[in-house]
Amino acid sequence: MYCHLAIQCVCGQLLSFASLSRLISPFPLSQMFIQGLLTAALALSVSHPAASRASASRKASLIGSATMAANDSAFSSLDEYLGHLASEAALPEGFRIGNCGFEFEPSEAATGTRVKMRLTLIVADKPSSSFAAVFTKNAFCGSPVTVGKRRMRESPTLQALLVNNKVSNVCAAGDGVADSEALCEALATALELPDGAASVLPSSTGVIGWKLPVPEMRAAMPEAVASLQAGSALPAAQGIMTTDRYPKLRAASVCGGRIVGIAKGAGMIEPNMATMLSFLLTDVAVPRAQLQAMLSRAVDVSFNCMSVDADQSTSDTLVCLSSEAKLLCPEGASDEEQAAALAEFESALTSVCEGLAADVARNGEGTTHVIRVQVTGAPSVDLARGVGKAVVNSPLFKTAVAGNDPNVGRLVAAVGSYLGRVAPDLSLDKCTMSLGGRPIFSAGSFDLDNEAEAALSAHMRDALISDDNGASLLYPPHQRCVEVAIDLGVGDKGVTVLGSDLTREYVDINADYRS
(Lines give C-alpha, C1' and ligand atoms only; values in the text may rest on other atoms or scores of the structure.)
Protein backbone atom coordinates (compact mmCIF):
# COMPACT_ATOMS: atom_id res chain seq x y z
CA MET A 1 0.00 0.00 0.00
CA TYR A 2 2.70 2.47 1.01
CA CYS A 3 4.65 1.95 -2.23
CA HIS A 4 1.45 2.70 -4.13
CA LEU A 5 1.04 5.91 -2.12
CA ALA A 6 4.62 6.88 -2.90
CA ILE A 7 3.98 6.42 -6.61
CA GLN A 8 0.83 8.53 -6.29
CA CYS A 9 2.92 11.31 -4.78
CA VAL A 10 5.28 11.45 -7.73
CA CYS A 11 2.47 11.18 -10.24
CA GLY A 12 1.01 14.38 -8.79
CA GLN A 13 -2.07 12.86 -7.16
CA LEU A 14 -0.93 14.21 -3.79
CA LEU A 15 0.04 17.85 -3.62
CA SER A 16 2.01 18.16 -0.43
CA PHE A 17 3.27 16.68 2.80
CA ALA A 18 0.04 17.86 4.44
CA SER A 19 -2.07 16.08 1.81
CA LEU A 20 -0.18 12.84 2.34
CA SER A 21 -0.49 13.18 6.10
CA ARG A 22 -4.26 13.58 5.84
CA LEU A 23 -4.61 10.62 3.49
CA ILE A 24 -2.83 8.17 5.78
CA SER A 25 -3.94 9.73 9.07
CA PRO A 26 -5.93 6.61 10.06
CA PHE A 27 -2.63 4.75 10.29
CA PRO A 28 -0.23 5.21 13.27
CA LEU A 29 2.62 6.65 11.23
CA SER A 30 5.18 9.19 12.42
CA GLN A 31 6.15 12.40 10.66
CA MET A 32 9.58 10.89 10.01
CA PHE A 33 7.95 7.91 8.30
CA ILE A 34 5.89 10.19 6.08
CA GLN A 35 8.98 12.15 5.05
CA GLY A 36 10.67 8.83 4.30
CA LEU A 37 7.72 7.89 2.15
CA LEU A 38 8.22 11.04 0.11
CA THR A 39 11.89 10.19 -0.32
CA ALA A 40 10.93 6.71 -1.47
CA ALA A 41 8.50 8.28 -3.91
CA LEU A 42 11.33 10.17 -5.57
CA ALA A 43 13.40 7.01 -5.80
CA LEU A 44 10.53 5.09 -7.36
CA SER A 45 10.17 7.79 -9.98
CA VAL A 46 13.24 6.40 -11.72
CA SER A 47 11.70 3.02 -12.45
CA HIS A 48 7.92 3.12 -12.28
CA PRO A 49 6.30 3.78 -15.70
CA ALA A 50 3.63 6.09 -14.34
CA ALA A 51 6.01 7.89 -12.05
CA SER A 52 8.48 8.52 -14.85
CA ARG A 53 6.00 10.91 -16.37
CA ALA A 54 6.16 13.18 -13.32
CA SER A 55 7.84 16.52 -13.92
CA ALA A 56 10.87 17.90 -12.14
CA SER A 57 8.64 20.58 -10.71
CA ARG A 58 6.51 17.98 -8.90
CA LYS A 59 9.63 16.45 -7.35
CA ALA A 60 10.79 19.88 -6.20
CA SER A 61 7.35 20.56 -4.75
CA LEU A 62 7.41 17.34 -2.74
CA ILE A 63 10.89 18.03 -1.40
CA GLY A 64 9.99 21.62 -0.54
CA SER A 65 6.75 20.61 1.15
CA ALA A 66 8.47 17.96 3.26
CA THR A 67 11.17 20.40 4.29
CA MET A 68 8.60 23.05 5.17
CA ALA A 69 6.60 20.55 7.21
CA ALA A 70 9.71 19.47 9.08
CA ASN A 71 10.38 23.12 9.91
CA ASP A 72 6.84 23.56 11.30
CA SER A 73 8.05 22.36 14.69
CA ALA A 74 6.76 23.08 18.15
CA PHE A 75 8.71 25.62 20.18
CA SER A 76 8.82 26.01 23.94
CA SER A 77 10.34 29.51 24.13
CA LEU A 78 11.16 32.59 22.10
CA ASP A 79 14.87 31.77 22.31
CA GLU A 80 14.26 28.33 20.81
CA TYR A 81 12.18 29.83 18.00
CA LEU A 82 14.76 32.53 17.23
CA GLY A 83 17.48 29.88 17.20
CA HIS A 84 15.49 27.96 14.60
CA LEU A 85 15.05 31.08 12.46
CA ALA A 86 18.76 31.86 12.73
CA SER A 87 19.54 28.40 11.36
CA GLU A 88 17.33 29.11 8.31
CA ALA A 89 18.27 32.76 7.75
CA ALA A 90 21.46 32.59 5.66
CA LEU A 91 21.17 35.26 2.98
CA PRO A 92 21.26 34.23 -0.66
CA GLU A 93 24.51 35.12 -2.40
CA GLY A 94 24.83 38.76 -3.43
CA PHE A 95 22.81 40.46 -0.67
CA ARG A 96 23.56 42.55 2.41
CA ILE A 97 21.18 43.67 5.14
CA GLY A 98 21.50 46.43 7.71
CA ASN A 99 19.31 48.34 10.14
CA CYS A 100 19.33 50.84 12.95
CA GLY A 101 16.91 52.46 15.37
CA PHE A 102 16.33 56.02 16.55
CA GLU A 103 13.75 58.19 18.31
CA PHE A 104 11.79 61.15 16.95
CA GLU A 105 8.91 63.39 17.95
CA PRO A 106 5.89 63.11 15.60
CA SER A 107 4.44 66.50 14.76
CA GLU A 108 0.95 64.96 14.86
CA ALA A 109 1.32 63.64 18.43
CA ALA A 110 1.17 65.45 21.76
CA THR A 111 4.13 67.71 22.47
CA GLY A 112 6.96 65.79 24.04
CA THR A 113 5.88 62.41 22.64
CA ARG A 114 8.91 60.38 21.63
CA VAL A 115 8.54 57.24 19.54
CA LYS A 116 11.01 54.72 18.15
CA MET A 117 11.55 53.94 14.47
CA ARG A 118 13.71 51.34 12.74
CA LEU A 119 15.28 51.63 9.30
CA THR A 120 16.01 48.42 7.46
CA LEU A 121 18.11 48.21 4.30
CA ILE A 122 18.16 45.28 1.87
CA VAL A 123 20.87 45.77 -0.74
CA ALA A 124 21.99 43.70 -3.71
CA ASP A 125 25.67 43.81 -4.67
CA LYS A 126 24.79 45.06 -8.16
CA PRO A 127 21.75 46.37 -10.04
CA SER A 128 19.32 43.59 -10.89
CA SER A 129 16.91 43.28 -13.78
CA SER A 130 15.20 40.34 -12.04
CA PHE A 131 12.53 41.67 -9.68
CA ALA A 132 8.77 41.59 -9.20
CA ALA A 133 6.21 43.12 -6.86
CA VAL A 134 2.55 43.25 -5.96
CA PHE A 135 0.83 46.01 -4.01
CA THR A 136 -2.34 46.79 -2.12
CA LYS A 137 -5.50 47.56 -4.08
CA ASN A 138 -6.68 49.96 -1.37
CA ALA A 139 -7.78 53.18 -3.12
CA PHE A 140 -6.01 55.26 -0.45
CA CYS A 141 -2.64 53.59 -0.90
CA GLY A 142 0.46 54.93 0.80
CA SER A 143 2.98 57.19 -0.90
CA PRO A 144 5.66 54.44 -0.82
CA VAL A 145 3.23 52.22 -2.76
CA THR A 146 2.84 54.99 -5.34
CA VAL A 147 6.62 55.19 -5.66
CA GLY A 148 6.92 51.40 -5.79
CA LYS A 149 4.42 51.17 -8.63
CA ARG A 150 6.41 53.84 -10.46
CA ARG A 151 9.58 51.78 -10.06
CA MET A 152 7.82 48.75 -11.55
CA ARG A 153 6.69 50.80 -14.55
CA GLU A 154 9.81 52.82 -15.21
CA SER A 155 12.94 51.31 -13.64
CA PRO A 156 14.96 48.77 -15.62
CA THR A 157 16.84 47.70 -12.49
CA LEU A 158 16.41 47.46 -8.75
CA GLN A 159 19.21 47.27 -6.21
CA ALA A 160 17.96 48.32 -2.79
CA LEU A 161 14.88 48.22 -0.57
CA LEU A 162 14.41 50.90 2.09
CA VAL A 163 11.96 49.95 4.83
CA ASN A 164 10.77 51.84 7.90
CA ASN A 165 8.28 50.96 10.58
CA LYS A 166 6.19 53.18 12.91
CA VAL A 167 4.99 55.63 10.19
CA SER A 168 3.21 54.43 7.05
CA ASN A 169 3.38 57.72 5.07
CA VAL A 170 -0.28 57.41 4.03
CA CYS A 171 -2.47 60.49 3.45
CA ALA A 172 -0.06 62.60 5.52
CA ALA A 173 0.13 66.39 5.30
CA GLY A 174 2.63 67.68 2.77
CA ASP A 175 4.03 65.64 -0.10
CA GLY A 176 4.46 62.02 0.97
CA VAL A 177 5.71 60.92 -2.44
CA ALA A 178 8.42 63.58 -2.39
CA ASP A 179 9.43 62.45 1.10
CA SER A 180 9.80 58.84 -0.03
CA GLU A 181 11.74 59.88 -3.12
CA ALA A 182 14.05 62.08 -1.03
CA LEU A 183 14.90 59.13 1.19
CA CYS A 184 15.54 56.92 -1.85
CA GLU A 185 17.88 59.59 -3.18
CA ALA A 186 19.70 59.79 0.15
CA LEU A 187 20.20 56.03 0.26
CA ALA A 188 21.33 55.86 -3.36
CA THR A 189 23.91 58.55 -2.62
CA ALA A 190 25.11 56.84 0.56
CA LEU A 191 25.52 53.53 -1.26
CA GLU A 192 26.79 55.09 -4.49
CA LEU A 193 24.27 53.10 -6.51
CA PRO A 194 25.07 53.30 -10.24
CA ASP A 195 21.39 53.61 -11.22
CA GLY A 196 20.58 56.13 -8.53
CA ALA A 197 17.32 56.57 -6.63
CA ALA A 198 15.36 54.87 -9.40
CA SER A 199 16.88 51.56 -8.25
CA VAL A 200 15.61 51.99 -4.67
CA LEU A 201 12.10 50.84 -3.70
CA PRO A 202 10.70 52.24 -0.43
CA SER A 203 8.24 50.60 1.96
CA SER A 204 6.69 52.08 5.08
CA THR A 205 4.39 50.66 7.74
CA GLY A 206 2.90 52.07 10.90
CA VAL A 207 0.54 54.87 11.85
CA ILE A 208 -1.62 56.19 9.01
CA GLY A 209 -1.72 59.97 8.71
CA TRP A 210 1.70 60.72 10.20
CA LYS A 211 4.48 62.28 8.15
CA LEU A 212 7.81 60.59 7.76
CA PRO A 213 10.51 62.23 9.93
CA VAL A 214 12.72 62.77 6.89
CA PRO A 215 15.55 64.74 8.62
CA GLU A 216 15.88 62.14 11.38
CA MET A 217 15.75 59.26 8.87
CA ARG A 218 18.48 60.87 6.77
CA ALA A 219 20.60 61.36 9.87
CA ALA A 220 20.21 57.70 10.82
CA MET A 221 20.99 56.34 7.37
CA PRO A 222 24.82 56.25 7.74
CA GLU A 223 24.43 54.00 10.79
CA ALA A 224 22.16 51.63 8.84
CA VAL A 225 24.63 51.57 5.94
CA ALA A 226 27.54 50.88 8.28
CA SER A 227 25.69 47.89 9.71
CA LEU A 228 25.28 46.11 6.35
CA GLN A 229 26.24 42.43 6.57
CA ALA A 230 25.97 39.46 4.20
CA GLY A 231 25.28 36.76 6.77
CA SER A 232 21.71 36.63 8.02
CA ALA A 233 18.25 37.88 7.06
CA LEU A 234 17.00 37.64 10.65
CA PRO A 235 17.87 41.26 11.57
CA ALA A 236 15.65 42.42 8.71
CA ALA A 237 12.79 40.15 9.83
CA GLN A 238 13.07 41.69 13.28
CA GLY A 239 13.61 45.23 12.06
CA ILE A 240 10.39 45.52 10.04
CA MET A 241 8.11 44.44 12.92
CA THR A 242 5.45 46.70 14.45
CA THR A 243 2.83 44.97 16.63
CA ASP A 244 4.18 41.57 15.55
CA ARG A 245 4.94 39.38 18.54
CA TYR A 246 7.81 37.63 16.77
CA PRO A 247 9.68 37.73 13.43
CA LYS A 248 8.58 35.63 10.46
CA LEU A 249 11.09 34.01 8.10
CA ARG A 250 10.91 31.12 5.64
CA ALA A 251 13.56 29.68 3.32
CA ALA A 252 13.95 27.13 0.56
CA SER A 253 16.83 25.73 -1.49
CA VAL A 254 16.11 25.63 -5.22
CA CYS A 255 17.91 25.50 -8.57
CA GLY A 256 21.32 25.56 -6.90
CA GLY A 257 20.44 28.71 -4.95
CA ARG A 258 18.17 29.93 -2.17
CA ILE A 259 14.98 31.85 -1.53
CA VAL A 260 14.67 33.60 1.82
CA GLY A 261 11.45 35.43 2.68
CA ILE A 262 10.50 37.69 5.58
CA ALA A 263 7.17 39.29 6.43
CA LYS A 264 5.60 41.62 8.94
CA GLY A 265 1.95 42.03 9.73
CA ALA A 266 -0.29 41.30 12.68
CA GLY A 267 -3.28 43.62 12.30
CA MET A 268 -5.08 45.32 9.41
CA ILE A 269 -4.66 42.06 7.51
CA GLU A 270 -7.11 41.39 4.70
CA PRO A 271 -4.68 41.16 1.82
CA ASN A 272 -5.79 41.77 -1.73
CA MET A 273 -2.32 41.08 -3.07
CA ALA A 274 0.14 40.21 -0.31
CA THR A 275 0.41 41.10 3.34
CA MET A 276 1.45 44.25 5.16
CA LEU A 277 5.09 43.99 4.05
CA SER A 278 6.98 40.98 2.72
CA PHE A 279 10.32 40.67 0.98
CA LEU A 280 11.61 37.62 -0.88
CA LEU A 281 15.30 37.43 -1.77
CA THR A 282 16.92 34.93 -4.12
CA ASP A 283 20.25 34.51 -5.87
CA VAL A 284 18.65 32.63 -8.78
CA ALA A 285 18.33 34.73 -11.93
CA VAL A 286 14.74 34.44 -13.18
CA PRO A 287 13.62 36.56 -16.15
CA ARG A 288 11.57 39.49 -14.90
CA ALA A 289 8.38 38.71 -16.82
CA GLN A 290 8.32 35.11 -15.62
CA LEU A 291 9.15 36.17 -12.05
CA GLN A 292 6.24 38.62 -11.98
CA ALA A 293 3.81 35.98 -13.23
CA MET A 294 5.11 33.46 -10.68
CA LEU A 295 4.81 35.92 -7.81
CA SER A 296 1.25 36.86 -8.73
CA ARG A 297 0.22 33.20 -8.84
CA ALA A 298 1.99 32.44 -5.56
CA VAL A 299 0.27 35.37 -3.85
CA ASP A 300 -3.13 34.24 -5.08
CA VAL A 301 -2.90 30.91 -3.24
CA SER A 302 -1.14 32.20 -0.14
CA PHE A 303 -1.49 35.77 1.10
CA ASN A 304 -4.77 36.31 -0.74
CA CYS A 305 -6.18 33.30 1.12
CA MET A 306 -5.49 34.72 4.58
CA SER A 307 -7.17 37.28 6.82
CA VAL A 308 -6.77 38.42 10.42
CA ASP A 309 -9.36 41.18 10.78
CA ALA A 310 -10.88 41.94 7.33
CA ASP A 311 -9.18 45.36 7.12
CA GLN A 312 -7.13 45.75 3.96
CA SER A 313 -3.96 47.75 4.56
CA THR A 314 -3.06 50.91 2.69
CA SER A 315 0.59 49.82 2.59
CA ASP A 316 0.59 46.19 1.41
CA THR A 317 3.78 45.51 -0.51
CA LEU A 318 5.44 42.26 -1.53
CA VAL A 319 8.74 42.45 -3.41
CA CYS A 320 10.81 39.61 -4.84
CA LEU A 321 14.37 40.61 -5.75
CA SER A 322 17.10 38.46 -7.26
CA SER A 323 20.80 39.23 -6.99
CA GLU A 324 21.23 37.25 -10.24
CA ALA A 325 24.29 35.58 -8.71
CA LYS A 326 23.33 32.13 -10.01
CA LEU A 327 21.95 30.91 -13.32
CA LEU A 328 18.47 29.42 -13.33
CA CYS A 329 19.90 26.46 -15.27
CA PRO A 330 23.19 25.74 -17.06
CA GLU A 331 23.97 27.57 -20.29
CA GLY A 332 22.82 25.67 -23.33
CA ALA A 333 19.95 24.02 -21.44
CA SER A 334 17.10 22.77 -23.60
CA ASP A 335 13.66 24.36 -23.60
CA GLU A 336 12.38 21.42 -21.56
CA GLU A 337 15.14 21.86 -18.97
CA GLN A 338 14.46 25.58 -18.72
CA ALA A 339 10.73 24.97 -18.28
CA ALA A 340 11.44 22.40 -15.56
CA ALA A 341 13.74 24.84 -13.75
CA LEU A 342 11.11 27.59 -13.88
CA ALA A 343 8.51 25.19 -12.50
CA GLU A 344 10.87 24.10 -9.73
CA PHE A 345 11.55 27.71 -8.77
CA GLU A 346 7.85 28.62 -8.75
CA SER A 347 7.07 25.66 -6.52
CA ALA A 348 9.68 26.79 -3.99
CA LEU A 349 8.54 30.42 -4.22
CA THR A 350 4.94 29.37 -3.57
CA SER A 351 5.96 27.24 -0.58
CA VAL A 352 7.78 30.19 0.99
CA CYS A 353 4.77 32.46 0.44
CA GLU A 354 2.40 29.88 1.91
CA GLY A 355 4.62 29.50 4.96
CA LEU A 356 4.84 33.25 5.52
CA ALA A 357 1.07 33.68 5.11
CA ALA A 358 0.48 31.00 7.75
CA ASP A 359 2.99 32.72 10.03
CA VAL A 360 1.18 36.04 9.67
CA ALA A 361 -2.16 34.46 10.60
CA ARG A 362 -0.61 32.72 13.63
CA ASN A 363 1.08 35.97 14.66
CA GLY A 364 -2.10 38.05 14.35
CA GLU A 365 -2.77 40.67 17.00
CA GLY A 366 -4.21 38.92 20.05
CA THR A 367 -4.52 35.63 18.18
CA THR A 368 -5.05 32.57 20.37
CA HIS A 369 -6.36 30.24 17.63
CA VAL A 370 -5.65 29.94 13.91
CA ILE A 371 -8.70 28.95 11.87
CA ARG A 372 -8.14 26.92 8.71
CA VAL A 373 -11.14 26.64 6.39
CA GLN A 374 -10.99 24.16 3.52
CA VAL A 375 -13.70 24.89 0.98
CA THR A 376 -14.40 22.30 -1.73
CA GLY A 377 -17.15 21.52 -4.21
CA ALA A 378 -17.42 25.14 -5.37
CA PRO A 379 -18.25 26.30 -8.90
CA SER A 380 -15.25 28.69 -8.89
CA VAL A 381 -12.11 29.43 -6.91
CA ASP A 382 -13.31 32.98 -6.27
CA LEU A 383 -16.53 31.75 -4.70
CA ALA A 384 -14.66 29.20 -2.62
CA ARG A 385 -12.28 31.90 -1.39
CA GLY A 386 -15.22 34.14 -0.57
CA VAL A 387 -16.86 31.44 1.52
CA GLY A 388 -13.64 30.82 3.42
CA LYS A 389 -13.10 34.54 4.01
CA ALA A 390 -16.72 34.90 5.21
CA VAL A 391 -16.00 32.35 7.93
CA VAL A 392 -12.62 33.67 9.12
CA ASN A 393 -13.89 37.28 9.02
CA SER A 394 -17.12 36.63 10.95
CA PRO A 395 -16.81 38.44 14.32
CA LEU A 396 -19.37 36.10 15.88
CA PHE A 397 -17.61 32.91 14.76
CA LYS A 398 -14.17 34.33 15.61
CA THR A 399 -15.22 35.22 19.15
CA ALA A 400 -16.82 31.80 19.62
CA VAL A 401 -13.52 30.18 18.63
CA ALA A 402 -11.68 32.46 21.06
CA GLY A 403 -13.86 31.07 23.82
CA ASN A 404 -13.50 27.43 22.68
CA ASP A 405 -17.25 27.48 22.10
CA PRO A 406 -18.37 25.29 19.16
CA ASN A 407 -21.27 27.58 18.30
CA VAL A 408 -21.56 26.14 14.81
CA GLY A 409 -24.74 28.06 14.13
CA ARG A 410 -22.48 31.06 13.59
CA LEU A 411 -20.48 29.06 11.05
CA VAL A 412 -23.55 28.21 8.99
CA ALA A 413 -24.87 31.76 9.33
CA ALA A 414 -21.60 33.23 7.99
CA VAL A 415 -21.59 30.89 4.99
CA GLY A 416 -25.27 31.46 4.27
CA SER A 417 -24.97 35.24 4.57
CA TYR A 418 -22.17 35.35 2.02
CA LEU A 419 -23.80 32.99 -0.45
CA GLY A 420 -27.13 34.78 -0.10
CA ARG A 421 -25.43 37.98 -1.27
CA VAL A 422 -23.25 36.70 -4.09
CA ALA A 423 -24.90 33.45 -5.25
CA PRO A 424 -28.53 33.48 -4.14
CA ASP A 425 -29.56 30.83 -6.67
CA LEU A 426 -26.86 28.32 -5.71
CA SER A 427 -28.32 24.99 -4.61
CA LEU A 428 -27.03 23.93 -1.18
CA ASP A 429 -28.87 20.61 -0.96
CA LYS A 430 -25.56 18.71 -1.02
CA CYS A 431 -23.64 21.11 1.23
CA THR A 432 -21.84 19.47 4.15
CA MET A 433 -19.65 20.90 6.91
CA SER A 434 -17.30 19.50 9.49
CA LEU A 435 -15.34 20.89 12.42
CA GLY A 436 -12.20 19.22 13.70
CA GLY A 437 -12.76 16.41 11.19
CA ARG A 438 -16.18 15.64 12.69
CA PRO A 439 -19.26 15.95 10.41
CA ILE A 440 -21.68 18.48 11.87
CA PHE A 441 -23.99 19.54 9.02
CA SER A 442 -25.60 17.91 5.98
CA ALA A 443 -28.90 17.97 4.09
CA GLY A 444 -29.75 21.32 5.63
CA SER A 445 -29.53 20.30 9.29
CA PHE A 446 -27.03 19.78 12.11
CA ASP A 447 -25.90 16.47 13.59
CA LEU A 448 -25.02 17.41 17.17
CA ASP A 449 -25.33 16.01 20.67
CA ASN A 450 -23.63 16.42 24.05
CA GLU A 451 -20.73 14.17 23.09
CA ALA A 452 -20.19 16.07 19.84
CA GLU A 453 -20.22 19.42 21.66
CA ALA A 454 -17.57 18.20 24.08
CA ALA A 455 -15.40 16.83 21.26
CA LEU A 456 -15.64 20.04 19.25
CA SER A 457 -14.72 22.18 22.24
CA ALA A 458 -11.77 19.90 22.98
CA HIS A 459 -10.59 20.34 19.37
CA MET A 460 -10.62 24.10 19.82
CA ARG A 461 -8.75 23.92 23.12
CA ASP A 462 -6.13 21.70 21.48
CA ALA A 463 -5.46 24.48 18.94
CA LEU A 464 -4.87 27.17 21.59
CA ILE A 465 -1.66 29.16 21.18
CA SER A 466 -1.98 31.23 24.35
CA ASP A 467 -0.43 30.97 27.81
CA ASP A 468 -2.25 29.75 30.91
CA ASN A 469 -3.73 33.21 31.42
CA GLY A 470 -5.15 33.38 27.88
CA ALA A 471 -2.57 35.85 26.54
CA SER A 472 -0.97 35.25 23.14
CA LEU A 473 2.62 34.00 23.19
CA LEU A 474 5.82 35.58 21.88
CA TYR A 475 6.58 32.49 19.79
CA PRO A 476 4.56 29.83 17.91
CA PRO A 477 4.21 26.84 20.29
CA HIS A 478 2.75 24.59 17.59
CA GLN A 479 1.17 24.66 14.13
CA ARG A 480 -2.29 23.25 14.98
CA CYS A 481 -5.45 24.97 13.74
CA VAL A 482 -9.18 24.92 14.30
CA GLU A 483 -10.09 22.87 11.23
CA VAL A 484 -13.25 23.73 9.31
CA ALA A 485 -14.26 21.88 6.13
CA ILE A 486 -17.10 23.04 3.86
CA ASP A 487 -18.15 21.08 0.79
CA LEU A 488 -20.67 23.07 -1.25
CA GLY A 489 -21.41 20.04 -3.41
CA VAL A 490 -21.92 21.98 -6.64
CA GLY A 491 -18.53 22.00 -8.40
CA ASP A 492 -14.92 20.85 -8.43
CA LYS A 493 -13.09 23.99 -7.30
CA GLY A 494 -11.67 24.59 -3.86
CA VAL A 495 -9.32 26.66 -1.75
CA THR A 496 -7.95 26.77 1.79
CA VAL A 497 -8.26 30.03 3.77
CA LEU A 498 -6.46 30.92 7.00
CA GLY A 499 -7.67 33.31 9.67
CA SER A 500 -7.56 33.96 13.40
CA ASP A 501 -9.91 34.34 16.31
CA LEU A 502 -10.98 37.67 17.87
CA THR A 503 -9.93 38.33 21.45
CA ARG A 504 -9.96 41.06 24.08
CA GLU A 505 -6.22 41.41 23.50
CA TYR A 506 -6.88 42.40 19.87
CA VAL A 507 -9.15 45.20 21.09
CA ASP A 508 -6.62 46.34 23.69
CA ILE A 509 -3.78 46.45 21.15
CA ASN A 510 -5.74 48.53 18.68
CA ALA A 511 -7.25 50.81 21.31
CA ASP A 512 -3.73 51.74 22.40
CA TYR A 513 -1.98 51.48 19.02
CA ARG A 514 -0.69 55.08 18.83
CA SER A 515 0.11 55.52 22.51
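Strands β1 and β2 (residues 115–128) pair in the antiparallel sense over ten bridges. This pairing belongs to a predicted model, in which β1 and β2 form part of an open four-stranded sheet. The briefing covers that sheet, the helix lying across part of it, and the residue Asp283.

**The four-stranded sheet**
- The strand order is β1-β2-β4-β5, and the pairing within this open sheet is mixed.
- Strands β1 (95–104) and β5 (200–204) form the edges, each pairing on one side only.
- From one strand to the next, the twist averages 15°.
- Within the β1 and β2 pair, Ile97 is positioned opposite Ile122 of β2.

**The helix across the sheet**
- Helix α8 (residues 214–226) lies across three strands, namely β1, β2 and β4 (158–164).
- The direction of helix α8 is at about 140° to β1.

**The surroundings of Asp283**
- Asp283 is located in strand β8, which spans residues 277–285.
- Asp283 has a relative accessible area of 2% and is therefore classed as buried, the cut-off being under 20%.
- Leaving aside residues up to four places away in sequence, Asp283 touches Pro92, Glu93, Gly257, Arg258, Ser322, Ser323, Glu324, Ala325 and Lys326.
- One of these residues, Gly257, is 26 residues from Asp283 along the chain, yet the C-alpha atoms of the two are separated by 5.9 Å.
- Arg258 is also among the residues touched, and its backbone nitrogen lies 2.9 Å from a polar atom of the Asp283 side chain.

Terms used:
Residues are numbered from 1 along each chain as its sequence is written. This is a predicted model: local features need pLDDT of at least 70, side-chain atom pairs count only at pLDDT 80 or more; totals for chains, interfaces and linings use all residues. Side-chain values use heavy atoms; hydrogens and water are left out. Helices (H or I, at least four residues) and strands (E, at least two) are DSSP runs, numbered from the N terminus. Buried means under 20% relative accessible area, exposed over 50%, partly exposed in between (1.4 Å probe, protein chains only). Contact means heavy atoms within 4.5 Å. A polar contact is a pair of N or O atoms within 3.5 Å; within protein, one must be able to donate a hydrogen and the other to accept it, and residues adjacent in sequence count only if both atoms are side-chain atoms. Two strands pair if DSSP finds at least two bridges between them. Axes are lines fitted to C-alpha atoms, for helices over the stretch in contact, and angles run from 0 to 180 degrees between N-to-C directions.
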